[in-house]
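Notebook open, viewer running. I'm jotting down what I look up as I go.

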Amino acid sequence: MGYFNCFALGFFVALSLASIDVGVAARHLQQLPPMPTFPTTTLPPFPSIPNLPQPSIPSFPRPGALPPLPTMSALPTLPSVPRATLPPLPSMPSIPTVPTTIPSIPFFSPPPSPSSP
């Protein structure tokens, strides 16, 4: 997080210093005398695009007229791979049950009071 703050501060300082040069250049351009007007010339008109003949699109054969696709020969059969059998899993021990009743707290009788003479 500290690296990001340092990067953000450096970026802000660099942007501030870059904008100072822009402000000085703008003020310098404002203080220049006005530019003289240059004579304008007329440009020749663009040449017209000639109308070219449109090429004729050849006709393609219909899908029904195409030759049939070649048939694939049968693929060779692969030899059968022997199946691995796993040993049976051991039986899991039973999970002990948690008592759901709260035992009562024994209540002791108060000690006898000392007798006064």
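Entry 1. I started with L9: buried or exposed? L9 comes out at a relative accessible area of 55%, and exposed means over 50%, so L9 counts as exposed. I should keep in mind that this is a predicted model.

Entry 2. Where does L9 sit? I found L9 in helix α1, which covers residues 2–30. I then looked up what L9 belongs to on the surface, and it is part of a nonpolar patch. The other members are F12, V13, L17, I20 and V24. Together the six named residues offer about 610 Å² of accessible area.

Entry 3. I picked V24 from that patch for a second look. V24 is in helix α1 too. Its relative accessible area is 55%, and with the cut-off for exposed at over 50%, V24 is therefore exposed. Next I checked how far V24 is from S59. The two are 35 residues apart in sequence, and their C-alpha atoms are 69 Å apart in space.

Entry 4. I moved on to P93, which I found in the segment after α1. Why does P93 count as exposed? Its relative accessible area is 66%, and exposed starts over 50%, so P93 passes. I also took the distance from P93 to A14: their C-alpha atoms are separated by 70 Å, with the two positions 79 residues apart along the chain.

Entry 5. Time for the whole protein. How many helices and strands does the secondary structure come to? I got one helix and zero strands. Then I asked what share of the residues is buried, and of the 117 residues 0% count as buried. Buried means under 20% relative accessible area, so no share of the chain shows up below that cut-off in this percentage.

Entry 6. Overall dimensions. The radius of gyration is 50 Å, while a compact globule of 117 residues would have one near 13 Å. Taken along the principal axes, the C-alpha atoms fill a box of roughly 135 × 85 × 25 Å.

Entry 7. Last lookup: the surface. The protein exposes about 13600 Å², and carbon and sulfur atoms supply 72% of that area.

Note on methods
Residues are numbered from 1 along each chain as its sequence is written. This is a predicted model: local features need pLDDT of at least 70, side-chain atom pairs count only at pLDDT 80 or more; totals for chains, interfaces and linings use all residues. Side-chain values use heavy atoms; hydrogens and water are left out. Patches are made of residues with over 30% relative accessible area and no salt bridge: like charges are joined within 9 Å, nonpolar side chains (Val, Leu, Ile, Met, Phe, Trp, Tyr) within 5 Å. Accessible areas come from the Shrake-Rupley method with a 1.4 Å probe; for residues, only the protein chains shown count as cover. A salt bridge is a side-chain nitrogen of Lys or Arg within 4 Å of a carboxyl oxygen of Asp or Glu. Helices (H or I, at least four residues) and strands (E, at least two) are DSSP runs, numbered from the N terminus. Buried means under 20% relative accessible area, exposed over 50%, partly exposed in between (1.4 Å probe, protein chains only). The radius of gyration is taken over C-alpha atoms; the globule rule is 2.2 Å times the number of residues to the power 0.38.
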